[in-house]
Amino acid sequence: MIIKSENFNLKQIADSGQCFRMLEIDKDTYSLVAFDRYIELKQIDDETIELSCDEDEYKEIWHNYFDMDYDYSHIYKRLISGDDEFLRDAASFGKGIRILQQDPFEILISFIISQNKNIPAIMSSIEAISRMFGEEKASGSRTYYTFPSPKALSMVSLEELREAKLGYRDKYVQNAARLVASGELDLNLLKKSDPRVAFKELNNLLGVGPKVANCISLFGLHHLEMVPVDVWIKRSIEEVYDNKFDWDEYEGYAGIVQQYMFYYMRFGYNKED
DNA sequence: TTCCAGGTGGACA
DNA sequence: TGTCCACATGGA
């Protein structure tokens, strides 16, 4: 089926570092595994996306996954007409970025794995744990592996996790999976709770510092005001703003602003092409 | 080969 | 409370 939106670009979303299972399989065409489903998406033009699912599945899963009820054009227009030149450029460059509503458990584990790894290495570890501990499924002739459930992952040994190249993060992943599987950590509750409370609880987990807790809050709990500060954001605030940047100016959607900055800093700013 | 990666825990001052 | 460093491993 076809959907239309001015602010929806598959490449920008796939490269924005929030989602590790969206792969370019052909020109302008991506595969994606999420919520135990497999889908293929094609960017037809700037505002048209073709999805390989029917309307029922779209309504059930993907409409919400791609956060279609949030008005990104409103944020985009505000930045593009603002007086901050860097943010004007960043928003223009990443016009099609959206904050996906991904599975909180998958995001929790994915961003615990992400620390001190580059994005390709994160993707390969996540693919490995899905192959090893997820469920094998088929979509047409294509085989794919769902992200492991909390229960499945909670029963895995540290040795098995090491085989997925998690390195020293093995115990962090095992600990988090066990807490979710036992019900001690309730991510769905955190999604509904105050963002500061959720952040604190995540930050208390072993292997989860402020950066990862913010990523889980923004990408897993859809707390759009939370701002992960990584090397790229640090770099932009140092180089562009002389270490003076006030996130409070973007109250309620600072996380989206952060995402424009991240994407622009990585792929647009100071680049020849 | 060397350096770096969407960082964090633990030791120490 | 702030700074320093080890940590596993792959990708460039």
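**View 1. Helices of chain A facing DNA strand B in this predicted model.** Three helices, α12 (210–220), α13 (231–239) and α14 (254–267), each put at least two residues into the surface near DNA strand B. Top contributor is α12, which gives four residues. Sorted by class, this surface has twelve nonpolar, nine polar and four charged residues.

**View 2. Where DNA strand B meets the protein.** There are 25 residues around DNA strand B, and the ones that come nearest are Asn-118, Ile-119, Tyr-168, Gly-209 and Gln-258. Looking from the DNA side, sugar and phosphate make up 56% of the strand B atoms that come within 4 Å of the protein. Two backbone contacts go to phosphate: an N or O atom of the Gly-207 backbone sits 2.8 Å from a phosphate oxygen of DNA strand B, and a polar backbone atom of Leu-205 is 3.4 Å from a phosphate oxygen of that strand. Tyr-168 goes for a base instead, with a polar side-chain atom 2.6 Å from a base nitrogen of DNA strand B.

**View 3. The residues around DNA strand C.** Here you'll find Asn-116, Asn-118, Pro-120, Arg-162, Lys-165, Gly-167, Tyr-168 and Arg-169. Of the strand C atoms that come within 4 Å of the protein, 60% belong to sugar and phosphate. The class count for this surface is two nonpolar, three polar and three charged residues.

**View 4. Polar contacts to DNA strand C.** Which parts of the strand do Asn-118, Tyr-168 and Arg-169 reach? For Asn-118, a polar side-chain atom lies 3.3 Å from a base nitrogen of DNA strand C. Arg-169 also points at a base: an N or O atom in its side chain is 3.4 Å from a base nitrogen of DNA strand C. Tyr-168 uses a polar backbone atom, which is 3.3 Å from a sugar or linking oxygen of DNA strand C.

**View 5. A cavity in the structure.** The structure holds one cavity of 30 Å³ or more, and the volume of the largest cavity is about 40 Å³. Its lining is made of Val-33, Ala-34, Phe-35, Tyr-65, Gln-102, Asp-103 and Glu-106. By class, that's four nonpolar, one polar and two charged residues.

**View 6. Stepping back to chain A as a whole.** Chain A has 14 helices and seven strands. Its radius of gyration is 18 Å, close to the 19 Å that the globule rule gives for 273 residues, so chain A is as compact as a globular protein of that length. The C-alpha trace spans about 55 × 40 × 35 Å along its principal axes, and 52% of the 273 residues count as buried.

Technical notes:
Residues are numbered from 1 along each chain as its sequence is written. Chains are lettered from A and ligands numbered from 1 in the order in which they are written. This is a predicted model: local features need pLDDT of at least 70, side-chain atom pairs count only at pLDDT 80 or more; totals for chains, interfaces and linings use all residues. Side-chain values use heavy atoms; hydrogens and water are left out. A residue is near a molecule or strand if one of its heavy atoms lies within 4 Å of it. A polar contact is a pair of N or O atoms within 3.5 Å; within protein, one must be able to donate a hydrogen and the other to accept it, and residues adjacent in sequence count only if both atoms are side-chain atoms. Ala, Val, Leu, Ile, Met, Phe, Trp, Tyr, Cys and Pro count as nonpolar, Asp, Glu, Lys and Arg as charged, and the others, Gly among them, as polar. On a 1 Å grid over the protein atoms alone, a cavity is a set of points where a 1.4 Å probe fits but cannot get out, and a pocket is an open set with protein on both sides within 12 Å along at least five of seven lines; lining residues have an atom within 4 Å of a point. Grid points are joined across faces, edges and corners, and a volume is the space filled by probe spheres set on the points. The radius of gyration is taken over C-alpha atoms; the globule rule is 2.2 Å times the number of residues to the power 0.38. Buried means under 20% relative accessible area, exposed over 50%, partly exposed in between (1.4 Å probe, protein chains only).
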